Amino acid sequence: MKRKIWFIIVLALTFVGSLFLFACDGAADNGETDEKGYTVTFNTYGGTAVQNQSIEEGATATEPTGKVERAGYIFDGWDYDFTTPVTEDITVNAILKPVFTNTGSRIDGFTEDGLTVYDVVIPETLLDGTQITSVKASAFMGKLNIVFLTISDTVTTIGEHAFSSCVNLVKITLGRNVSTINNNAFGSMSKLSEIYNRSSLELHKGNYSEYGSIAYPVKNIYTDDEGESKLVVSAEGHITIAAKDSSDNDQVFYVGYLGGESEIVIPEDVTWVYYDACAYNTVITSVVIGDNVKTVSGRAFDQCTNLSVVTIGENVTSLGQYAFRDCTLTSATFKVATGWAVQSLSMEGKLSDPATAATWLHSYYAYNWTRS
């Protein structure tokens, strides 16, 4: 009899325990816990994805590190105070400043913020969903900030003079659907060195008359199916490209500088400092042109208004017209100070003193200098 009573008691306790566990599970399923959790979602408008955050009630979200990249826009933070306790599910939006002005589907030019961008991407779409199909005539003519240019796949037409005289432009990536490039759209750009051609247009190096002169100055054209990029940007910001010159000789051309240092040394492998290589750079105060360089082209350091000290390597035999125009030279060290002439004027005995040499270099900047 006792055994039966104990069995009934154990059975009853087991039943009560099961009811208790079921009740607890039910409470958990209904969200009846001491801690509530919320989701913080980050809206980047199609730019760089940012992972959502799960935050306990009353805690704060963590501001994401890094910038949101979105073609046609500059990231300027988030529209949220990250010291605010989270009490509900929220969406935090990226603040994106437009780089371009537009009229409908046509890009018309830069905004004020756009003038700070050197890696320029004509976008496929704007934030409002507008698809970009063309670039206005003269839209970016003469803009000095453009170093790299990407034309997206939705663009079909580039207007006359759209990018002409963008003298710091060194590389173009041409979108797959570009079919019309109007007159002189890419004229007057001496140091344009490379084109990644994803379009169906057949481009030919050195041809001035075709497709807005886009391929006239370039040293390398490659496609998805043929060739590869030869342009190199060093960690210090020096831009170079290995290519043949007009006499079919191998050269390493120095075509630009993106760094922030004021005293620069041209990389050792460079043999030719090219046209407009550092033109209009107001950061550079001192430059050393290495011993492997033979030619410094015209306008190489044109309008470098803070450039005061220059060293000319021992194998340099040619300084082009306006190579140092409007620089503030106070010292010009010629490692080889003999054999130089400006037009028919001999510089013999005039270049051994750096201060005197700087005066001569400044006075005769408009002429070609040669060394025999």
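These numbered points cover a sheet, two nonpolar cores and several aromatic contacts in a predicted model.

1. **The open sheet.** Nine strands make up an open sheet, ordered 15-16-17-19-21-23-27-25-26. Pairing within this sheet is mixed. Strand 15 (231-233) and strand 26 (345-346) are the edge strands; each has a single partner, so one side of each lacks a neighbour in the sheet.

2. **Strands 16 and 17.** Strand 16 (residues 238-244) runs antiparallel to strand 17, with 7 bridges between them. A243 faces Q251 of strand 17 across this pairing. The two strands form a hairpin with 5 residues in between. In the turn, D248 has a positive phi of about 70°.

3. **Strand 17 inside the structure.** Of the 8 residues of strand 17 (residues 250-257), 7 are buried, so the strand is largely enclosed by the rest of the structure. Strand 17 also pairs with strand 19 (residues 272-273), here in the parallel sense and over 2 bridges. Y254 stands opposite V273 of strand 19.

4. **Strands 25 and 27.** Strand 25 (residues 340-342) and strand 27 (residues 369-371) are antiparallel partners, joined over 3 bridges. V342 has W369 in strand 27 as its bridge partner.

5. **The cores.** The largest nonpolar core holds 50 residues. I122, F140, L149, I158, F163, L174 and F186 have the most contacts inside it. Strands 1, 3, 4, 6, 7, 9 and 11 each supply at least two of its residues. Strand 4 gives the largest share, 4 residues. Another core, of 37 residues, lies apart from it; V252, V270, V342 and A357 are among its members.

6. **L174.** Beyond its neighbours within four places in sequence, L174 contacts residues including I151, I158, I181, Y196, L201, L203 and I214. N197, R198 and S199 are also among its contacts.

7. **Aromatic pairs.** The count is 23 aromatic pairs. F100 and F140 meet edge-to-face, 5.9 Å centre to centre with 80° between the planes. This pair links distant parts of the chain: F100 is in strand 5 (residues 100-103), and F140 is in the loop between strand 8 (134-135) and strand 9. Both rings belong to buried residues. F253 and W272 form a tilted pair, at 5.3 Å and 45°. That pair links strand 17 to strand 19, across 19 residues of chain. F253 and W272 are both buried. Elsewhere, ring pairs join F42, F75, W78, Y80 and F82 into a cluster.

8. **Charges over rings.** K219 lies over the face of F253, 4.9 Å from the ring centre. The charged end of R325 sits over the ring of Y322, at 4.4 Å from its centre.

Conventions: Residues numbered from 1 in each chain as written. Predicted model: local features only at pLDDT ≥ 70, side-chain atom pairs only at ≥ 80, totals over all residues. Heavy atoms only, no water. Pairing = 2+ DSSP bridges. Buried < 20%, exposed > 50% of the residue type's maximum accessible area, 1.4 Å probe, protein only. Core = buried A, V, L, I, M, F, W, Y, C linked by side-chain atoms within 4.5 Å. Contact = heavy atoms within 4.5 Å. Phe/Tyr/Trp six-rings, centres within 6.5 Å; stacked < 30°, edge-to-face > 60°. Lys NZ or Arg CZ within 6 Å of the ring centre and 35° of its normal.
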